[in-house]
Amino acid sequence: MSARTPVEADVCVIGAGPAGALVADRLAGAGHGVVILDAGPRFDDADRIERMERAIRPAYDRPDVWEMDGERDAHSNSGERSYPLNHARVKGIGGSTLHWQGMVMRLHEADFETRSRYGVGVDWPLSYDDLRPYYATAERELGVAGADDNPFGPPREEPFPMPAFAPSYSDGLFAEACEELEIAMHSVPNARNSEPYGDRGACVGYGTCQPVCPSGAKYDASVHVRAAEQRGATVIDRAPVQRLEHGAESIEAATYATPDGETHRQEADAFVLACGGVETPRLLLLSDSERYPDGLANSSGLVGRCFMDHPFAGMGGTIDEPTRQNHVGFLTSESHQFYDDADSEVGPFKLEFFNYAGPSPVETALGGDEWGDALLDRLRSEYGTHVGLGALVEQLPREESYVGLDPDRTDDHGNPVPEIHWDLDDRALRTLERANEVQRSILEEMGAEITWTVSPENAGPAFHHMGTTRMGEDPDESVVNPRLRTHDLSNCWIVGSSVFPTGGAVNPTLTIAALALRAAEAVDEAL
């Protein structure tokens, strides 16, 4: 059972996603008193089958699966492109890892040196070598299935904890075309068990990793929340933090609300903000005061600024043979061949070979009114011949892309909701176009009839919220230092992808975990 009222604590961690959960587990294991506050509930694992059913029934939308999109979760858009924030986030114990796909790649060495190598963006105040041992630890903590078969990836120091998932049937169809085009394919590291790992069983192939894993084979952060509790940490769920009370140079308490309408103050010696790339800057901006009229930790003016995501490029269609889609996890093969071809004009991107193109048989059946032979005819015509390719693209950090506060709309507690202003730079648009060119060449080599394209004109986000409290050495150009402590507040650390100076073009969760482990060491030393 979760607590409801404040407890005595050395550390208050705000947010129970992967970053907050790992920090809480490490600090509790080091003997510190830890309390975790999260805005959402503790979900019952027994409900996951029902949530999977919601995910595949056309009557439900994606936010319905994890009960998002209410007044609590309201947001607004003001950028050139719509940003459907609640389509891919979860408030609750486990955070967005409850519904993620589970892909966990390391950033490339070049990603830490974008300014030095390409003359764009900014350099990280860390190198790949600085983060390399934490990457290895993060892979063990999450449980990653993978193979050291990516000739374009950064150097590794040890095998993955579990063997990689075998290539899918459709991977073999793509491989024939890619061989002709001299495009290399390789496996995808995945935080999904290919064999029993820890106290979790192997993947059983439900194929609904996003938005729900019914079996628990895919990692989610509730694993480390439970571990932290076993080490003595206290969890207070359904406790949205309203503001951070502070003195001149430090935070004194987190004020949070509870479902009974009460408000409480959680005091601690140290505070770790792990609310994600949208809610972390929002909380800092909501905590303004006479001393900090522009919000906490914002002497640089960059809190909420430089909001980045990974724009998505995609293309797909049908071929005249079975492709056996929707049988295994989302991706078992990809290609980083074009990743390090980046320069100032075109950024890095990675290619993804889908295992889920087209509707599944269940979605096809539930989406119509046919029965019997008519249904079989529709299944034969609509299912089983689809193929699809995706790509993630780097977006450069720009102050014009930001998370702010909407002065005209409030949430269920009367606070301004986050305003998302998401715009893409010209380099990202050119990279989307280049990714489409490669995708088209593969599909044409396969003899596919191309039926859909996600291009620069209609590209959306991969829902990787980055850059809004970025890391750096210079307090005038960043929000946190390389140890992730805020420049302005002596007892406040920020963990999560909001600290990324640049985003690269790979999924961010493994880097989130590696940085969280590194930050936990810094907090431990400070205490």
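**Briefing: two sheets and two loop residues**

S478 touches S300, L302, R470, M471, G472, E473 and H487, residues up to four places away in sequence not being counted; contact means heavy atoms within 4.5 Å. The model is predicted, so local features need pLDDT of at least 70 and side-chain atom pairs pLDDT 80 or more, while totals for chains, interfaces and linings use all residues. Residues are numbered from 1 along each chain as its sequence is written, and side-chain values use heavy atoms, with hydrogens and water left out. Helices (H or I, at least four residues) and strands (E, at least two) are DSSP runs numbered from the N terminus.

**Loop residue S478**
- S478 sits in the loop that joins strand 16 (449–454) to strand 17.
- With a relative accessibility of 2%, S478 is buried (buried is under 20% relative accessible area, exposed over 50%, partly exposed in between, with a 1.4 Å probe and protein chains only).
- The S478 side chain reaches the backbone oxygen of G472 at 3.3 Å.

**The sheet of 5 strands**
- This open sheet has the strand order 5-2-1-9-17 with parallel pairing; two strands pair if DSSP finds at least two bridges between them.
- Strand 5 (234–236) and strand 17 (492–494) are at the edges with a single partner strand each, so one side of each has no neighbour in the sheet.
- From one strand to the next, the twist averages 20° (axes are lines fitted to C-alpha atoms, for helices over the stretch in contact, and angles run from 0 to 180 degrees between N-to-C directions).
- Strand 1 (residues 11–14) pairs with strand 2 (residues 34–37) in the parallel sense over 4 bridges, and V13 stands opposite I36 in strand 2.
- Helix 12 (residues 509–526) lies across strand 1, strand 9 (270–273) and strand 17, and runs at about 175° to strand 17.

**The sheet of 3 strands**
- Here the order is 3-15-14 in an open sheet with mixed pairing.
- Strand 3 (76–77) and strand 14 (402–410) are the edge strands, each pairing on one side only.
- Strand 14 pairs with strand 15 (residues 416–421) in the antiparallel sense over 5 bridges, with V403 opposite I420 in strand 15.
- Helix 8 (residues 276–286) packs on this sheet, touching strand 14 and strand 15, and its direction makes about 65° with that of strand 14.

**Loop residue P167**
- P167 is in the loop between helix 5 (128–142) and helix 6 (169–181).
- P167 is exposed, at a relative accessible area of 60%.
- Neighbours within four places in sequence aside, P167 is in contact with T332 and S333.
- P167 and S333 are 166 residues apart in sequence, but 6.5 Å apart in space, C-alpha to C-alpha.

Notes. A polar contact is a pair of N or O atoms within 3.5 Å; within protein, one must be able to donate a hydrogen and the other to accept it, and residues adjacent in sequence count only if both atoms are side-chain atoms.
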